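Thanks for asking me to look this one over. Here are my notes, written to be read with the structure open beside you.

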Amino acid sequence: MSIDFTRRKLITASLATAAGATGLGAAHYGSRLLWLPPDYASVQGAGETLTYSVQRLLTSNRSLAREFPPSMISKIAIINGRAPKDDTYQRWLTNGFDGWQLRIEGQVERPASFTLRELRQMPAESHTILHACEQGWSFIAQWTGVRLSHLLELVQTRPNARHLVMIPVPNPQERTGIVRLFWDSIDMADALHPQTLIAYGMNGGDLPPDHGAPVRLRMSRQLGYKNVKFLSRIIVTDNIDQFGVRGGPGTWYGGI
């Protein structure tokens with residue numbers, strides 16, 4: 001008996017317990033063994049899976065995070081990770097990101113690329129929410145953008161779509177020149193959540209470079225590191241394993 005199989009049995013038992021505790025019943029649980037995060041077999045896998053599955057069982061996919069009045073917007077928005085310094089990104093900064101596009105592809109019927117101007121012309125909304133970091137700090141900010149669900153409607157995701165891989169603009173390090181690519185991924189439940197934005201604005205102005213310009217992912221129910229900055233590409237997939245080890249910090253599920 002392999003270690004992975006033993007871990008899977010433990011996770012399965014935990015999921016069954018969670019399903020029973022919430023009164024959903026074994027039949028419903030058995031038909032939806034989909035509450036397994038991609039890193040379920042890791043060292044933290046059992047605890048991560050229990051947290052992820054219970055969150056999905058106990059909350060609606062449309063449960064909203066708390067929103068704050070404008071008067072509570074933080075005076076200081078802490079920066080964690082500076083904007084890329086490479087020539088391409090700096091050229092985009094000077095020309096208003098002319099030439100930049102957000103590409104959405106993969107398990108979709110109509111792959112498409114969107115310019116910043118096109119995104120700004122789509123239905124916009126703003127959410128004033130808490131941005132919390134796993135390091136212990138937080139701030140409240142207003143984020144403006146287009147719902148990710150709207151973009152997914154435009155490209156027509158296929159029924160087998162399960163995850164979205166978020167890929168940022170390459171960010172070469174100033175001292176070494178090594179390219180750092182902190183890509184991450186989310187599931188369809190978070191992608192379709194009504195507070196999940198592709199944000200191009202912050203606190204009434206354009207999204208600042210160090211906060212992720214031209215656009216960043218902005219989710220209301222995940223820790224800061226899951227909200228990938230400097231987005232350039234989104235891949236919709238039914239098999240996240242093909243992308244290897246994710247580049248970001250922390251565990252795959254960063255729900256709050």
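The points below cover some strand pairings first and some aromatic pairs after that.

1. Please keep in mind that this is a predicted model. The remarks here describe that model.

2. A good place to begin is strand 9, residues 197–202. This strand is mostly covered, with six of its six residues buried.

3. Which strands pair with strand 9? Strand 4 (residues 138–147) does so through five bridges, running antiparallel. Strand 11 (residues 216–218) is joined to strand 9 by three bridges, also antiparallel. Strand 10 (residues 205–206) adds two bridges to strand 9, again in an antiparallel arrangement.

4. If you like to check pairings residue by residue, try L197: R147 has L197 as its bridge partner in strand 9, and L197 in turn has R218 as its partner in strand 11. G201 is another handy marker, with T144 standing opposite it and D206 as its bridge partner in strand 10.

5. Do look at the turn between strand 9 and strand 10. Two residues separate the strands in this hairpin, and N203 takes a positive phi near 55°.

6. Strand 4 deserves its own point. Seven of its 10 residues are buried, so strand 4 is largely enclosed by the rest of the structure. Eight bridges connect strand 4 to strand 3 (residues 125–132), and the two run antiparallel. Within that pairing, E125 has G145 as its bridge partner in strand 4.

7. The hairpin of strand 3 and strand 4 has five residues between the strands. Here G136 is the residue to inspect, as it takes a positive phi near 110°.

8. Now to the rings: how many aromatic pairs does a search of the whole structure find? The count is four. One of them is Y89 with F230, an edge-to-face pair at 6.0 Å centre to centre and 80° between the planes. Y89 sits in helix 4 (residues 87–94) and F230 in the loop between strand 11 and strand 12 (231–237), so this pair ties together parts that are 141 residues apart in sequence.

9. Are those two rings buried or exposed? Y89 is buried, its relative accessible area being 0%. F230 has 7% relative accessibility and also counts as buried, because the cut-off for that word is under 20%. Ring pairs link Y89 and F230 with F97 into a cluster.

10. One more pair to view is W137 with F139, which is stacked: 6.2 Å centre to centre and 5° between the planes. Both W137 and F139 are buried.

Definitions and conventions: Residues numbered from 1 in each chain as written. Predicted model: local features only at pLDDT ≥ 70, side-chain atom pairs only at ≥ 80, totals over all residues. Heavy atoms only, no water. Buried < 20%, exposed > 50% of the residue type's maximum accessible area, 1.4 Å probe, protein only. Helix = DSSP H or I, 4+ residues; strand = E, 2+ residues; numbered from the N terminus. Pairing = 2+ DSSP bridges. Phe/Tyr/Trp six-rings, centres within 6.5 Å; stacked < 30°, edge-to-face > 60°.
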